[in-house]
Amino acid sequence: MPEDKFKKIYSQLNHEQKLAVDTIEGPVMVVAGPGTGKTRTLILRIANILRLTDTQPENILALTFTDSAAFLMRSNLSEIIGSLAYRVKISTFHSFCNDIINNYPEEFPKIIGSRNITEAEQVNIIENLISKLPLQILKPFGNNLYYVKDIVKNISELKRENVSPEKLELIVNREIQELNSMSDSHHKNGPADQELKQIEKVKELVEIYKQYEKELSQLRLYDYDDMIVEVVKTLEQNKNFLLTLEEQYQYILVDEHQDTNNAQNRILELLSSYYSSPNLFVVGDEKQAIFRFQGASLENFLYFKKKYPTAKYIVLKRNYRSTQTILDSASDLIKNKQEKLISNSKEKGEKILIYSFSKPEVENYFLARDIKEKIAQGVKPEEIAILYRRNKDAFEIIEALDKLKINYSLESDENVLLDLDIQKLILLLEAINDFGNNEKLAKLLILDFLEIEPLDAYKIIDYANKKNISLYEAIKYKKHLKSAGLSQEGQEKISQFYKKISDYNYQKANKNLVDLFNLIINDSGFLTYILRHQQAQEKIEKLSSLFDEIKSLLASNQSFNLENFINYLNTLKKHNLAIKKSSPKIVNGKIRLMTAHRAKGQEFEYVYICKATSAHWEEKPNHKGIKLPAAVYAKTKLDLDSLDAENDDERRLFYVCLTRAKQKVIITYSKEDEL
């Protein structure tokens, strides 16, 4: 390892960072606010472990939450220790568990030999269970399938919190007993009455959850969350196997600890269980807990302190990103705040600007115009970010940016199935799948990427209707095309189109779905069409996400064909499920658009926070949905419900948004959004 490089970077650390890097033995908790250099501290600590001990790189495990964070961590570590960085186990929790399963297949009979279930298949199983089970609440008369999506979401949440159907049943019975023991004055439409109605929903969820697990077992299927759940079960039951992994990973480091769920925490607890004072290093910030509700996130910190009373507790207070004005404003959002962040900048910085507008259209125009002015003044576009609450907020902003010809990168978890051009491609796939369907063909003929003159399309459709013949027959024979009054060029174009779609219909039975998809997007002209689009990169990313979904489905089931894919898409559409766009690569020369949640871990010179009204940013409580008991998240005797004060989630989310900015924050809203 290059000693000079380590010493040079180490010399740049502040006292608290050095303390975190130097404390390589025993449990350590680092509370690291935004911009305090936690990632650099973490990777330098890995380098220091290798430098001061005889530990091999393979014996160090560093866990984080996203693939991009893992990639960045390894990249930064390689700059310090070189190729040794590629021997350190740096991974997300899911990838780590997946690797364990693949490396020790004999320990995981439920997973090995089974197939990973799709979201659509999950929904279908839940639908079938609802129809079979004698449910009273979760099968409402007006819409038997009203709770399907909520049930899928909550089963996933339960697995993430390491709660089995049996454990949930115990929690429910205990809650019912406690509620029934309350005096009558607490009931009769009071809080206890409402809680009892909710717990009755969860009681029925227990039965669905039990049957769902049985179905997966019988069909030899497993879901995404089972990878971590099965690793937890195996480590709990097989002490020899646990010992093997404990010997393998002698130092464990965890980033963003505030967002770890109970299943992930149980993995850490088990891997660190050999010693009472293990080499476990966690770093996080409860104020930035935006992926798990605040009570459960605070409990992570308290549980760690209780579990490891001798743990070293270090707070990183110096911020190397934002001005003091931004930090003070962000700090004022958080109740019960502890250590105040101190900016490393000597300048206090500009005030945060807040603009009010009459309508959203005016707000969006201001955003586009102000950004255009900043770019004209020399600000790099990639250093400008627009942050918003929901994915759909981006669409109106994009219209304003397009009008002023401002290049942008949309980095939200957008559903690619909502893209108009992807919908055109799906219409083509549906027509191929249902070859002979005149209605689908009529819709297809007027799609712009096929470059058929709209007038020619309408002429042949009208001709087929008047002659009472199939539209397929009308476009197949030139005599019909000529009789319909099409020009020679029009006849040729539609004839060529018929030959193509006929060939696709033939190929769907002779090619696998991946090869068929490749043929269609290239041969139909769709790929050429989106490459000419103003936002070509955006369109390619969406097409790639759709293609990745097809490859994943085919990998899980080799007989998966076009008909299966269309049925799969119909299920997604029916239940408002998404195929999410892949994360785009950062491209210079484009401003960045993303949700507040996606902005976590990023930084920009200028940050615009738009549609900033309580009506727009606050998550309205869903009283009609299923609310899991707080005990699902509990690891201590802490009253989690009491910790989740009103607006805490939104305050922390806004805190994250403000602290993305280095220099300036501009907050905008329209008065219409307040309503």
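Which residues are buried in helix α23, the stretch that covers residues 513–523? In this predicted model, the buried residues of α23 are Leu-513, Val-514, Leu-516, Phe-517, Ile-520 and Ile-521. When one looks down the axis of α23, these buried residues fall within an arc of 160 degrees, so they line one face of the helix. A general property of helices helps to read such a list: an α-helix has 3.6 residues a turn, so residues three or four places apart point the same way. The buried residues of α23 are covered by parts of the chain that include α17 (420–433), α22 (488–507), α24 (526–531), α25 (536–556) and α26 (562–574).

The two ends of α23 can be looked at in turn. At the N-terminal end, Asn-512 acts as a cap, with a side-chain oxygen that lies 3.0 Å from the backbone nitrogen of Val-514. Just after α23, Gly-525 takes a positive phi of about 95 degrees.

A second helix to follow is α16 (residues 394–403), whose buried residues are Ala-394, Ile-397, Ile-398, Ala-400 and Leu-401. Seen down the axis of α16, its buried residues fall within an arc of 160 degrees, and so they line one face of the helix. On the other side of α16, Glu-399 and Lys-403 are exposed. Among the elements that cover the buried residues of α16 are helix α15 and the strands β12 (384–388), β13 (408–410) and β14 (591–595). Just after α16, Lys-405 takes a positive phi of about 55 degrees.

How does α15 lie against α16? The axes of α15 (residues 360–376) and α16 come within 8 Å and cross at roughly 50 degrees, which makes α15 oblique to α16. The crossing in which α15 passes α16 is right-handed. On the side of α15, the contact is made by Pro-360, Asn-364, Tyr-365, Leu-367 and Ala-368, while α16 contributes Glu-396, Ile-397, Ala-400 and Leu-401.

Another pair of helices, earlier in the numbering, can be read in the same manner. Helix α3 (residues 38–52) and helix α4 (residues 67–81) pack at an angle of about 45 degrees, with their axes 10 Å apart, and α3 and α4 are therefore oblique to each other. The crossing of α3 and α4 is right-handed. Their contact involves Thr-39, Leu-42, Ile-43, Leu-44, Ile-46, Ala-47 and Leu-50 of α3, together with Met-73, Asn-76, Leu-77, Ile-80 and Ile-81 of α4.

From whole helices we can turn to single residues. Leu-168 lies in helix α8, and because its relative accessibility is 0%, Leu-168 counts as buried. If residues up to four places away in sequence are not counted, Leu-168 touches Leu-158, Val-163, Val-202, Leu-205, Val-206, Tyr-209 and Val-632. The C-alpha atoms of Leu-168 and Leu-628 are separated by 9.4 Å, although these two residues are 460 residues apart along the chain.

Is Arg-321 buried or exposed? Arg-321 lies in the loop between β9 (318–319) and α14 (324–331), and because its relative accessible area is 15%, under the 20% limit, Arg-321 is buried. The side chains of Arg-321 and Glu-603 are joined by a polar contact of 2.9 Å. Leaving aside residues up to four places away in sequence, Arg-321 touches Pro-34, Gly-35, Gln-602, Glu-603, Thr-659, Arg-660, Ala-661 and Lys-662.

Two asparagines in loops bring us back to the backbone angle phi. Most residues other than glycine have a negative phi. Asn-162, however, has a positive phi of about 60 degrees although it is not a glycine, and the place of Asn-162 is in the loop between α7 (148–160) and α8 (165–180). With a relative accessibility of 24%, Asn-162 counts as partly exposed. Asn-576, in the loop between α26 and β14, also has a positive phi, near 55 degrees, and is a residue other than glycine. At 57% relative accessibility, Asn-576 counts as exposed.

Note on methods. Residues numbered from 1 in each chain as written. Predicted model: local features only at pLDDT ≥ 70, side-chain atom pairs only at ≥ 80, totals over all residues. Heavy atoms only, no water. Buried < 20%, exposed > 50% of the residue type's maximum accessible area, 1.4 Å probe, protein only. Helix = DSSP H or I, 4+ residues; strand = E, 2+ residues; numbered from the N terminus. Arc of directions from axis to C-beta. Contact = heavy atoms within 4.5 Å. Polar contact = N/O pair within 3.5 Å; in protein donor to acceptor, adjacent residues only side chain to side chain. Axes fitted to C-alpha atoms, helices over the stretch in contact; angles between N-to-C directions. Parallel < 35°, antiparallel > 145°, perpendicular 65-115°, else oblique. Left-handed = near helix turned anticlockwise from the far one by under 90°.
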